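Got the structure open on your screen? Have a look around it, then use the notes below as a guide.

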Amino acid sequence: MKLAVRLVDIAARGVLLHQQDAKTLGVFPGDRVEITNLSTGFSIADYVETTSTLIKQGKLGIYHQSNEQLQVKDGESVEVRVSDRPVSLDYIRKKMEGERLSREEIKMIVTDIVHDNLSPSEITAFVISSYINNLDIDEIESLTRSMVETGDRLEFHTGPIVDKHSIGGVPGNKITFLVVPIIAAAGLLIPKTSSRAITGAGGSADLMEVLAPVEFSAAEVQQMTQKAGGVIVWGGATNIAPADDKIIIQEYPFKIDQVGQMIASVMAKKFAVGADVVAIDIPVGKNCKVHSIPEGRKLAQSFIEIGDRLGMRVECALTYGDAPVGRAIGPALEVKEALAILEGSESPNSLIEKSTEIAGIALELAGKANRGEGSALALDLLKSGKALKKMKDIIAIQGGNPEITSDLVKLGEYFHIVKAEHDGYVVDLNNKSLITIARVAGAPNDHGAGLYIHAKPGTRLKRGDPIFTLYAERKWRLEKALETARTLRPVIVEGMLMDRVPNQREWLPSKQRNNGVE
């Protein structure tokens, strides 16, 4: 069938057929058609959506991403015919039925994801099938290797190359901004590719964007790392493990992070940047992804096992996750707090301790310190100012202003201080609620939005003392965040008397209760 092209300004892949033309071809929504550019002879296969109103009969709507390959113009004629479905759909169905997948089958699924041969709903089917029928260790290895093989890689001729990762779930976990410059200051290379926030208030890439550009090719990342000793960049721009971002997008609506896919996601990026040693932070707590120490140890062993199979030396740290790391949540606030520590501030201690412990593990793995002495070396590199100097080098190599200081970091102009309504102690912080409030305020897209916590668990408060300050770049967002905070009550303040349970029964003197008998 020959149809006239109508270019559709949708930044995705796919084609749009009139329902009558779809009926003539014998295709339904989700089926594939092969479209041929009659001028060049070039063909692509794409999945179909149908309409009775948006496209007239005899027309073929082609989305932007599809036309980047096809290269046709409005009004041109193309040939359209039914196309076979990808074989990888059979493998996804196999996983849905609880069977394990071979290395070749997983490689085919990942290749089709990278090349956009699978629709979002088909990728979702793979995500959900892996969530219900967990990937075993061999499948995780296959998924990891396939993610690496379908993207770009870095190749350094010196080593060891160091990397770190936190599995997330804890607000304010800005340790990358201390760990990376500490490692680089020790004379090691650390090409840190980071993610943007999906459900959090700020991924490391969102934070670094406050200081410098973060979107670079893999070749640029390699060159910058060799010159500055380290980088903090957005992994999504590098084409390193490109299937990962496409999978994560489909996980987001379900708020799931399937363990096998998470391990593959993390380890693929480490393997692709050429890491020899990796320190992994696993926060443990009631509101974290990992709820108990035994669960954390099991996950750590899986990371270590995959690392061994890939030739990387991996060590994991189970860290306290029931409270934010430091006091700041939100891109600019977190950057301000991290820079202040690099500049010499000795608080908040939770951020300093966690950062130097994770950096210390990496330094020990890389042979820069003996077992048990890494955190002391990391602290020395931090306090000496060497880490600050290296951070300035990293900011400069990425195109930012190396003279930036914590005092110059701009926060949202609208703010409100939430105060204690009565005397008492902070007995609990709800991490999920804190993240929700920060996101409602505008984080991470509005870099100046977020919140600063004045009182952490155990702090004694008097009525009117500040609990946390909310920041926003837009007034309406601040108002909305305050409404959310009133509903969620993320910080619980109680006195020593938590409640009083009265005796509702009628009280009588003891003589009357006992008919006058003592």
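Here is a short briefing, going from the whole protein to a few local spots.

Keep in mind that you are looking at a predicted model. The protein has 518 residues, and 52% of them are buried. Its backbone is built with 19 helices and 18 strands.

**The whole protein**

- Taken along the principal axes, the C-alpha atoms fill a box of roughly 100 × 70 × 50 Å.
- About 24300 Å² of the protein is exposed, and 49% of that comes from carbon and sulfur atoms.
- Among contacts with a separation of 6 or more, 78% are between residues 24 or more positions apart.
- There are 61 positive and 67 negative charges, and the mean positions of the two groups are 4 Å apart.

**A helix to look at: α9**

- Which residues of α9 are buried? In this helix, which covers residues 218-228, they are Ala218, Val221, Gln222, Met224, Thr225 and Ala228.
- Those buried residues pack against two helices, α7 (176-185) and α16 (386-397), and two strands, β8 (190-194) and β9 (230-234).
- Right after α9 comes glycine 229, with a positive phi near 95 degrees.

**A four-stranded sheet**

- As background, strands of a sheet pair through backbone hydrogen bonds, and they can do that parallel or antiparallel.
- One open sheet here has four strands in the order β12-β15-β17-β13, and the pairing is antiparallel.
- The edges belong to β12 (328-329) and β13 (414-419); each has a single partner strand, so one side of each has no neighbour in the sheet.
- How many bridges join β12 to β15? There are two, and these strands run antiparallel.
- If you want to find a bridge on screen, go to alanine 328, whose partner in β15 is tyrosine 452.
- Helix α17 packs on this sheet and touches β12, β15 and β17 (466-472). The direction of α17 makes about 135 degrees with that of β15.

**Backbone oddities: cis peptide bonds**

- Most peptide bonds are trans, and most residues other than glycine have a negative phi, so exceptions to either are worth a look.
- The bond from glycine 159 to proline 160 is cis, and its omega is near 0 degrees. You'll find proline 160 in the loop between α6 (137-149) and β7 (162-166).
- Another cis bond goes from alanine 443 to proline 444, this time with omega near 5 degrees. Proline 444 sits in the loop between α17 (431-440) and β15 (450-453).

**Backbone oddities: positive phi**

- Aspartate 116 isn't a glycine, yet its phi is positive, about 60 degrees. Its home is the loop between α4 (103-114) and α5 (120-132).
- Is aspartate 116 buried or exposed? Its relative accessibility is 16%, so aspartate 116 counts as buried, given that the cut-off is under 20%.
- Asparagine 239 is another non-glycine residue with a positive phi, about 65 degrees. Look for asparagine 239 in the loop between β9 and α10 (242-251).
- With a relative accessible area of 37%, asparagine 239 is partly exposed.

Note on methods: Residues numbered from 1 in each chain as written. Predicted model: local features only at pLDDT ≥ 70, side-chain atom pairs only at ≥ 80, totals over all residues. Heavy atoms only, no water. Buried < 20%, exposed > 50% of the residue type's maximum accessible area, 1.4 Å probe, protein only. Contact = heavy atoms within 4.5 Å. Areas by Shrake-Rupley, 256 points an atom, 1.4 Å probe, with all protein chains shown as cover. Lys, Arg positive; Asp, Glu negative; His and termini not counted. Charge placed at Lys NZ, Arg CZ, Asp CG, Glu CD. Pairing = 2+ DSSP bridges. Axes fitted to C-alpha atoms, helices over the stretch in contact; angles between N-to-C directions.
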